[in-house]
Amino acid sequence: MSDSSPKRPLCAAPFGSISVNASGQVRPCCLYEGDLGKLRDGDMESHWNGKPFAELRAAMERGEKIKACWKCWSAEDAGLNSLRMDFNRNFADILEDGQRPKNPVHLDLRYSNLCNFRCRSCHHGASSRWFADARALGINLGDTPLLSAFSSAQDGLAQFQKIGNEVRTLYFAGGEPLLERQNADMLQWLIDEGRTDINLAYNSNLSVLEVEKTPLLPLWNRFKSVSIEASVDAAHAAGALVRSGFDWAQFVANIAQLRKACPHVRLTAGVTVSALNLARLAELFVALERDCGISHDKVKFHALQLPAFYDVTILPADLREKAAVDLAALGRDHAARHTGSVMPARFRKFIARLEPESIGYWPAHIDYLRREFRKMTKKLDALRGEDTASVLPELAGLLA
C-alpha cells in the first residue's frame, strides 16, 4: 500500500507512534490537534489499544483527511516538508498491507515542561520558565510551573516496559529534554538491557550537556544511532530576545564539545521561522555554517503555524520580499559550492510560503493578526524588561 495514492492520505503515525506531552495528553504525533486520551485515564498501552486510536486508524484507511492533522496538510499545500512525510519515509514498511506493528515503533516522550528558556512563540505547556508570564497573561495551564506527564520516574519507565518491545526510535523533546532526569535514567536502563540499537532522537536547545551532574555525552556514545536537532531561531542578541535564555557563545561551545566527544551524533539545526526572525534568517544560516560547522543543507526550517499572530505572512511586503531575495541568494551560493545542492529548491518552496494567499489569509485577517502581534509583543516586553523594537528594528513599524 503506497502513500502516493490521493485516495489514501495515510500517515504512519497512528499505526506506529505514540506521542506524550508534558500535560499527559496522548496523541499519534506532536502536531495532532487535541488528543486521543490522557495518561490520568490510562497508561500508554491502554490508549494504544483503545477505541480513539482504532477509530483514527480506520478513518485513515478509508482515505479520510483528518481535521486534527491540519498542520501537516497546510505545510504540504504550501509545498513544504511535513511531519507526515517524515513518518512515511522513516516507517514506510508499516504502511504496507499486513505490516502493522502490534506495539509502537516510535515513541515521542516529553516527560515534563521543565525548561530553562521562555521562547516568545512558546507557552507554559512546553516551558516551566513561561509560568510567571503565562500567569500574568491569564494563560497558565495550572497553579505550578512544572507539569509532568507521568506520576513518577518509575511510572514512566514501567509504562515503556509494557509497550516498548518493538520501539525503533525514541524521540525526546520537552520542555528541554537534556534537563530531564528521566531521560538519563531511561538511557541507562536501555544500556543495562542491551537495547543500544534503538535510535535516539532529540529536539534540544543544547544549552546543557549534563543533567544533575550526570554527563550525557558518555551515555550517547553507547548508542549506535543518535540524532539531535538543535533549536535555534537567530544568532546573538536577536536569538536571545526570540528565545529568552539563549546564549550564542554557549550554543557554539556546546556544539564544539558535542562534535569532539560524540563524532557519530548526527547534528542538524532546527529553525522555527516566524515574523520575529524572518529578517534574520539569512544571517543565521551564515553564522551556523561559520561558527558551528552546520552547512545550509543541515538546517531544517519550520514555518511557525501557531500562535497565528507570529506567522511570517503578517509582515509587510517589503520585509518578506527582502527575505526572499536574501534566501534565494543563499541558495545560489550553496549550489555554487556544492554540486547537486537541493537548497535552491528548498528555499523556493519556503519563499512561496511567505505570501498570505499561500495559506488563505485575507487582508482583514492579516490586520487582526498584526494587532494581536503588537499586543502580545508589548505585553512580553513589559513583563520581561525587553525592547523588541530596539533589538529587532525591522519590526518597529509593526509595533508603532
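Five bridges connect strand 6 (residues 199–204) with strand 9 (residues 226–231), and the two strands run parallel. They belong to an open sheet of eight strands with mixed pairing, in a model that is predicted. A search of the whole structure finds 27 salt bridges and zero disulfides.

**Sheet**

- The strand order in the open sheet is 2-1-3-5-6-9-11-12.
- Strand 2 (26–27) and strand 12 (299–303) are at the edges; each has a single partner strand, so one side of each has no neighbour in the sheet.
- Within the pairing of strands 6 and 9, Asn 203 stands opposite Glu 229 of strand 9.
- Helix 12 (residues 281–292) lies across strand 11 (266–273) and strand 12, and runs at about 165° to strand 11.

**Asp 108**

- Asp 108 is part of strand 3 (residues 106–109).
- The relative accessible area of Asp 108 is 3%, which means that this residue counts as buried.
- Setting aside neighbours within four places in sequence, Asp 108 is in contact with Ile 18, Ser 19, Val 20, Cys 30 and Tyr 171.

**Nonpolar core**

- In soluble globular proteins, nonpolar side chains tend to be buried together.
- The largest nonpolar core here has 123 residues, of which Leu 170 and Trp 220 touch the most other members.
- Helix 12 supplies the largest share of this core, seven residues.
- Not counting residues up to four places away in sequence, Trp 220 touches Leu 178, Leu 187, Leu 200, Tyr 202, Val 226, Ile 228, Leu 258, Cys 262 and His 264.

**Salt bridges**

- Side chains of opposite charge can pair when their charged atoms come close.
- Asp 35 and Lys 38 meet through their side chains in a salt bridge, with an N to O distance of 3.0 Å. Asp 35 is partly exposed at a relative accessible area of 25%, and Lys 38 is partly exposed at 22%.
- Glu 386 and Arg 120 form a salt bridge with an N to O distance of 2.7 Å. Glu 386 lies in the loop between helix 15 (363–384) and helix 16 (388–391), and Arg 120 in the loop between strand 4 (118–119) and helix 6 (131–137), so the pair ties together parts 266 residues apart in sequence.
- The two partners of that bridge differ in burial: Glu 386 is partly exposed, with a relative accessible area of 22%, whereas Arg 120 is buried, with 1%.
- Arg 243 and Asp 233 meet in a salt bridge at 3.9 Å, N to O. Arg 243 is in strand 10 (residues 243–244) and Asp 233 is in the loop between strand 9 and helix 10 (236–242), 10 residues apart. Both Arg 243 and Asp 233 are buried.
- Asp 43, Glu 45 and Lys 162 are linked in a network of salt bridges.

**Cysteines**

- With zero disulfides found in the whole structure, Cys 119 is in none; its nearest cysteine sulfur, that of Cys 122, is 5.8 Å away. A disulfide requires the two sulfur atoms to be within 2.5 Å, so this pair does not qualify.
- Cys 119 is buried, with a relative accessible area of 9%.
- Cys 292 is also in no disulfide, and the nearest cysteine sulfur, that of Cys 262, is 17 Å away.
- The relative accessibility of Cys 292 is 5%, so Cys 292 counts as buried.

Definitions and conventions:
Residues numbered from 1 in each chain as written. Predicted model: local features only at pLDDT ≥ 70, side-chain atom pairs only at ≥ 80, totals over all residues. Heavy atoms only, no water. Pairing = 2+ DSSP bridges. Helix = DSSP H or I, 4+ residues; strand = E, 2+ residues; numbered from the N terminus. Contact = heavy atoms within 4.5 Å. Axes fitted to C-alpha atoms, helices over the stretch in contact; angles between N-to-C directions. Buried < 20%, exposed > 50% of the residue type's maximum accessible area, 1.4 Å probe, protein only. Core = buried A, V, L, I, M, F, W, Y, C linked by side-chain atoms within 4.5 Å. Salt bridge = Lys/Arg side-chain N within 4 Å of Asp/Glu carboxyl O.
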